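I opened a fresh page for this chain. The plan is to go from contacts to fold to single residues.

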Amino acid sequence: MPDRIEALVAQILNARELVLNKGEADGVLIGMRFAIVNRNGAKITDPETGEDLGSAEIEKTVVKIVRIAERFAVGRTFRTTRHPAGSLYSPITQLMRPPRTEVETLRTDERESKEELSEEDSYVKIGDPAIQIIGDEFLSDE
């Protein structure tokens, strides 16, 4: 398996875009996908021996590289969630409200995605690890 590129989140640009601290000089290409993961992961302990087996990476989000410079790359969220028509509360509104698709964002709330996003409003933080995805790791069944 080829070595995967590892980077860190350097900046949050807006609700869908972030900057990684690796770029073209490091082998990053447009279209590459990176998983942004929890800094600590999940500590795994062998239940029989109590031995520390290491840690498993816990994904926060996945971004696709959309712009690159020599020393940094811009990644954008792309995964979508499809919501069925209507409402959970009333059969009448189910007929009135069409199905909708939402694109994943970095926001902890649901404001407009093009405005600037402060780190406090994002669940992704500056310094979070970013790991190049090779194969199906971290990708949902599409």
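I count two residues as touching when heavy atoms lie within 4.5 Å. With that set, I looked up Glu-137 first. Glu-137 touches Arg-4 and Glu-57, leaving aside residues up to four places away in sequence. I note that the model is predicted.

**Entry 1: Glu-137**

I placed Glu-137 in the segment after β10. Is Glu-137 buried, exposed or partly exposed? I call Glu-137 partly exposed, because its relative accessible area is 34%. I then checked a residue far off in sequence. Ala-35 is 102 residues from Glu-137 along the chain, and their C-alpha atoms are separated by 8.9 Å.

**Entry 2: the whole chain**

I listed the secondary structure next. I found 1 helix and 10 strands. Reading from the N terminus, I wrote down β-β-β-β-β-β-β-β-α-β-β. So the order puts the helix between β8 and β9.

I turned to burial. The chain has 142 residues, and 30% of them count as buried. The accessible surface comes to about 9200 Å². Carbon and sulfur atoms hold 50% of that surface.

How do the contacts spread along the sequence? I took the contacts between residues at least 6 apart. Of these, 60% join residues at least 24 apart.

**Entry 3: the barrel**

Which strands close into a barrel, and in what order? I traced 6 strands, in the order β1-β2-β7-β6-β3-β10, with antiparallel pairing. From one strand to the next, the twist averages 45°.

I followed β1 to both of its neighbours in that order. On one side, β1 (residues 6-12) is joined to β10 (residues 129-132) by 3 bridges, and the two run antiparallel. I looked up the partners there. Glu-6 stands opposite Ile-131. Leu-8 has Pro-129 as its bridge partner in β10.

On the other side, 3 bridges join β1 to β2 (residues 17-20), again antiparallel. Here I found Ile-12 with Leu-18 as its bridge partner in β2. A hairpin of 4 residues links β1 to β2.

**Entry 4: Gln-132**

I stayed with β10 and picked Gln-132, which is found in that strand. Is Gln-132 buried or exposed? Gln-132 is buried, because its relative accessible area is 12%, and the cut-off for burial is under 20%.

What does Gln-132 touch, beyond residues up to four places away in sequence? I listed Asp-3, Arg-4 and Ile-5, then Met-32, Arg-33 and Phe-34. Arg-4 had come up before, as a contact of Glu-137.

**Entry 5: Glu-120**

I moved to the loop between β9 (100-103) and β10, where Glu-120 has its place. Glu-120 is exposed, because its relative accessible area reaches 63%, and exposed means over 50%. I also looked up Arg-107. Arg-107 and Glu-120 are 13 residues apart in sequence, and C-alpha to C-alpha they are 9.3 Å apart in space.

**Entry 6: rings**

How many aromatic pairs does the structure hold? I found 0. I then asked which residue lies over the face of Phe-78. That residue is Lys-64, at 5.9 Å from the ring centre. I kept this one as a charge over a ring, because the distance cut-off is within 6 Å.

How values were computed:
Residues numbered from 1 in each chain as written. Predicted model: local features only at pLDDT ≥ 70, side-chain atom pairs only at ≥ 80, totals over all residues. Heavy atoms only, no water. Phe/Tyr/Trp six-rings, centres within 6.5 Å; stacked < 30°, edge-to-face > 60°. Lys NZ or Arg CZ within 6 Å of the ring centre and 35° of its normal. Buried < 20%, exposed > 50% of the residue type's maximum accessible area, 1.4 Å probe, protein only. Areas by Shrake-Rupley, 256 points an atom, 1.4 Å probe, with all protein chains shown as cover. Pairing = 2+ DSSP bridges. Axes fitted to C-alpha atoms, helices over the stretch in contact; angles between N-to-C directions.
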